[in-house]
Amino acid sequence: MKVVGITSSFHAGSNSQGLVEEILAGAKEAGAEVELVRLAEVQINACIGCEHCKKEGNKTCFQKDGMVKIYDELATADAVVFGLPIYLGRANAPFLLLIDRRYAMI
């Protein structure tokens, strides 16, 4: 089993990251392979709505940025845990970029 944790706080060691790390530690103790991705350390470009990812034969975005590794991590994960701060009642910018770019995987 593989569990991927994704955090989007700009602050290393944030509360949300700490919670995800605790979940991953429990999964690892139970025998799972675990991976932590800190979006603040990954360059993710905005989706430009070109629909390249939806053309026949394409399964990912044409942009070769930090999402390349994240696509692979998500595709091979059995479970994904998200940890993110909520600013002004919504997810923060790095998390929203991730969600927008996940369109390529749908």
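1. Start with the pairing of S1 and S2, bearing in mind that this is a predicted model. Val 3 has Val 34 in S2 as its bridge partner. The chain gets from S1 to S2 by way of H1, and that β-α-β crossover is right-handed. The two strands, S1 and S2, run parallel and share six bridges.

2. S1 also pairs with S3. Here there are five bridges, again in the parallel sense. If you want a residue pair to look at, take Val 4 of S1, whose bridge partner in S3 is Val 80.

3. How many of the six residues of S1 are buried? Six of the six are, so the strand is largely enclosed by the rest of the structure. Lys 2, Val 4 and Ile 6 point one way, Val 3, Gly 5 and Thr 7 point the other way, and both sets are buried. Note that a lysine and a threonine are in that buried list.

4. H1, residues 15-29, has the length you'd expect. With 15 residues at 1.5 Å each, the helix should span 21 Å, and its end C-alpha atoms are indeed 21 Å apart. Its buried residues are Ser 16, Gln 17, Val 20, Leu 24 and Ala 27. Looking down the axis of H1, these fall within an arc of 95°, so they line one face of the helix. The background is simple: an α-helix has 3.6 residues a turn, so residues three or four places apart point the same way.

5. What does that buried side of H1 pack against? The partners are three strands: S1 (2-7), S2 (33-38) and S3 (79-83). On the face turned away from the buried side you'll find exposed Asn 15, Leu 19, Glu 22 and Glu 29. Just past the end of H1, Gly 31 takes a positive phi of about 105°.

6. Now H2. Buried here are Met 67, Ile 70, Tyr 71, Glu 73 and Leu 74. Viewed down the axis of H2, they sit within an arc of 165°, so they too line one face of their helix. The cover over these residues includes S1, S2, S3 and H3. Asp 72 and Ala 75, on the other side of H2, are exposed.

7. H3 covers residues 93-101, and its buried residues are Pro 94, Phe 95, Leu 98 and Arg 101. Down the axis of H3 the arc is 130°, so once more the buried residues line one face. They pack against S1, H2, S3 and the strand S5 (90-91).

8. Arg 101 turns up again when you look at Asp 65. This aspartate is in the loop between S2 and H2. Is Asp 65 buried or exposed? It's buried, at a relative accessible area of 13%. Setting aside neighbours within four places in sequence, Asp 65 is in contact with Gln 43, Ile 44, Asn 45 and Arg 101.

9. Two non-glycine residues with positive phi deserve a look. Glu 51 has phi near 70°. Like Asp 65, Glu 51 belongs to the loop between S2 and H2, and Glu 51 is partly exposed, with a relative accessible area of 36%. The other is Leu 88, with a positive phi of about 55°. Leu 88 lies in the loop between S4 (86-87) and S5. This leucine counts as exposed, at 90% relative accessibility.

10. Last, the cysteines. A disulfide is a covalent bond between the sulfur atoms of two cysteines. The count in this model is zero. Why is Cys 47 not bonded to Cys 61? Cys 61 holds the closest cysteine sulfur, but at 6.5 Å that is too far for a bond, given that the cut-off for a disulfide is 2.5 Å. Cys 50 tells a similar story: the closest cysteine sulfur is again in Cys 61, at 5.9 Å, too far for a bond. As for exposure, Cys 47 is partly exposed at 39% relative accessibility, and Cys 50 is partly exposed with a relative accessible area of 36%.

How values were computed:
Residues are numbered from 1 along each chain as its sequence is written. This is a predicted model: local features need pLDDT of at least 70, side-chain atom pairs count only at pLDDT 80 or more; totals for chains, interfaces and linings use all residues. Side-chain values use heavy atoms; hydrogens and water are left out. Helices (H or I, at least four residues) and strands (E, at least two) are DSSP runs, numbered from the N terminus. The expected span of a helix is 1.5 Å times one less than its number of residues. Buried means under 20% relative accessible area, exposed over 50%, partly exposed in between (1.4 Å probe, protein chains only). The arc is that of the directions from the helix axis to the C-beta atoms. Contact means heavy atoms within 4.5 Å. Two strands pair if DSSP finds at least two bridges between them. A crossover is right-handed if, with the strands pointing away from the viewer, the path from the first strand over the helix to the second runs clockwise.
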